[in-house]
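Please open the structure in your viewer and keep the sequence panel beside it, so that each selection can be followed in both places. The tour below moves from one selection to the next and says what to look for at each stop.

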Amino acid sequence: MKLTVFGATGGIGQEIVRQALAAGHHVTAVVRDPARFAVDGERLEVFRADLTDPAALRAAVAGRDAVLSGLGARNKADAATGLAARLTRSVLAAMDAEGTRRLLVVSAAPVGPHAEGDGLLDKAVLAVIGNVLKDVYADLRVMESELAASATDWTSVRPPKLTDKPVTGRYRKVVGGNPPKGRTLARADVAHAMLAMIDDRATVKQGVGVAY
């Protein structure tokens with residue numbers, strides 16, 4: 001497949017690029033600063049662009065089978081400006097202009113509903129985290145509302161706390177919800193899950209919780 005990856009310099013984005021190349025896909029990695037991008041490969045194109053300009057992104061998404069995005073706020077200051085929503089809005093506009101439909105993005109577990117079977121402790125922990133990172137999750141909720149209003153075949157992948165452990169390919173997935181007591185997931189397995197969902201029609205126009 002021909003894939004485009006946004007947020008390709010981030011932890012999840014670089015994992016998506018590496019795993020996609022290893023699987024034989026052709027990958028366009030969209031970056032603002034190529035010096036921060038450490039992946040190479042013969043089926044890789046590094047595309048430098050201003051992510052706030054939809055017109056500049058059209059060539060990166062034209063004719064692609066799917067677009068995968070790891071875009072998001074790196075800190076609370078970014079989240080307060082609505083960074084994830086703003087940049088995703090640019091991606092959606094570029095995709096709409098080019099007629100590219102499949103889009104998978106990274107969100108977060110607290111944006112989805114409480115998992116069935118979670119106890120009071122799990123809910124209390126989520127409430128504390130949600131209060132500390134309220135701007136981040138507010139930004140992601142706006143981003144997801146932009147997805148829902150779009151013409152794309154979108155999927156919002158919602159992991160819990162992220163780690164830097166290696167890929168396992170073994171995790172739980174709940175379409176429209178979150179796995180109970182799902183507390184962590186490696187960035188590498190978030191990437192693995194996103195690539196596995198590209199052709200999964202059951203995940204289209206859905207939020208999907210993924211966790212160990």
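What follows is a walk through a predicted model, taken in steps.

**First stop: strand E1**

Begin by selecting residues 2-6, which form strand E1; four of these five residues are buried, so the strand is largely enclosed by the rest of the structure. Now add residues 26-31, which make up strand E2, and you will find that E1 and E2 run parallel and are joined by five bridges. Within this pairing, Thr4 has Thr28 of E2 as its bridge partner, while Val5 stands opposite Ala29 of the same strand, E2. Next, add residues 66-69, strand E4, which also runs parallel to E1 and is joined to E1 by four bridges. Here the pair to pick out is Phe6 and its bridge partner in E4, Ser69.

**Second stop: strand E2 and its other neighbour**

Stay with E2 for a moment, because five of its six residues are buried and the strand is thus largely enclosed by the rest of the structure. If you select strand E3 (44-48), you will see that E2 and E3 run parallel and are joined by five bridges. Ala29, which you have already met opposite Val5, stands opposite Val46 in E3.

**Third stop: helix H1**

Select residues 11-22, helix H1, which together with E1 and E2 makes a right-handed β-α-β unit. How far apart are the end C-alpha atoms of H1? They are 17 Å apart, which agrees with the 16 Å that the twelve residues of H1 should span at 1.5 Å a residue. Colour the buried residues of this helix, which are Ile12, Gly13, Gln14, Ile16, Val17, Gln19, Ala20 and Leu21. Just after H1, look at the backbone of Gly24, which takes a positive phi of about 95°.

**Fourth stop: the nonpolar cores**

Two residues of H1 lead on to the largest nonpolar core, which has 29 residues: Ile16 and Val17, along with Phe37, Leu44, Leu68 and Met194, touch the most other members. At least two residues of this core come from each of E1, H1, E2, E4, strand E5 (102-106), helix H7 (187-197) and strand E10 (206-211). H7 gives the most to this core, with six residues. Select Leu68 and display its surroundings: leaving aside residues up to four places away in sequence, Leu68 touches Leu3, Thr4, Val5, Phe6, Ile16, Leu104, Met194, Leu195 and Ile198. Apart from this core lies another, of 28 residues, and Val67, Leu83, Leu87 and Val136 are among them.

**Last stop: Thr52 and Thr88**

Select Thr52, which lies in the loop between E3 and helix H2 (54-61), and then Thr88, which lies in helix H4 (residues 83-98). These two residues are 36 residues apart in sequence, and their C-alpha atoms are 9.0 Å apart in space. Which of the two is buried, and which is partly exposed? Thr88 counts as buried, at 3% relative accessibility, whereas Thr52, at 48%, counts as partly exposed. With residues up to four places away in sequence left out, Thr52 touches Leu87 and Ser90, and Thr88 touches Met143 and Leu147. To finish, display the side chains of Thr52 and Asp50, which are joined by a polar contact of 2.7 Å.

Methods
Residues numbered from 1 in each chain as written. Predicted model: local features only at pLDDT ≥ 70, side-chain atom pairs only at ≥ 80, totals over all residues. Heavy atoms only, no water. Buried < 20%, exposed > 50% of the residue type's maximum accessible area, 1.4 Å probe, protein only. Pairing = 2+ DSSP bridges. Right-handed = clockwise from strand over helix to strand, strands pointing away. Contact = heavy atoms within 4.5 Å. Polar contact = N/O pair within 3.5 Å; in protein donor to acceptor, adjacent residues only side chain to side chain. Expected span 1.5 Å × (residues − 1). Core = buried A, V, L, I, M, F, W, Y, C linked by side-chain atoms within 4.5 Å.
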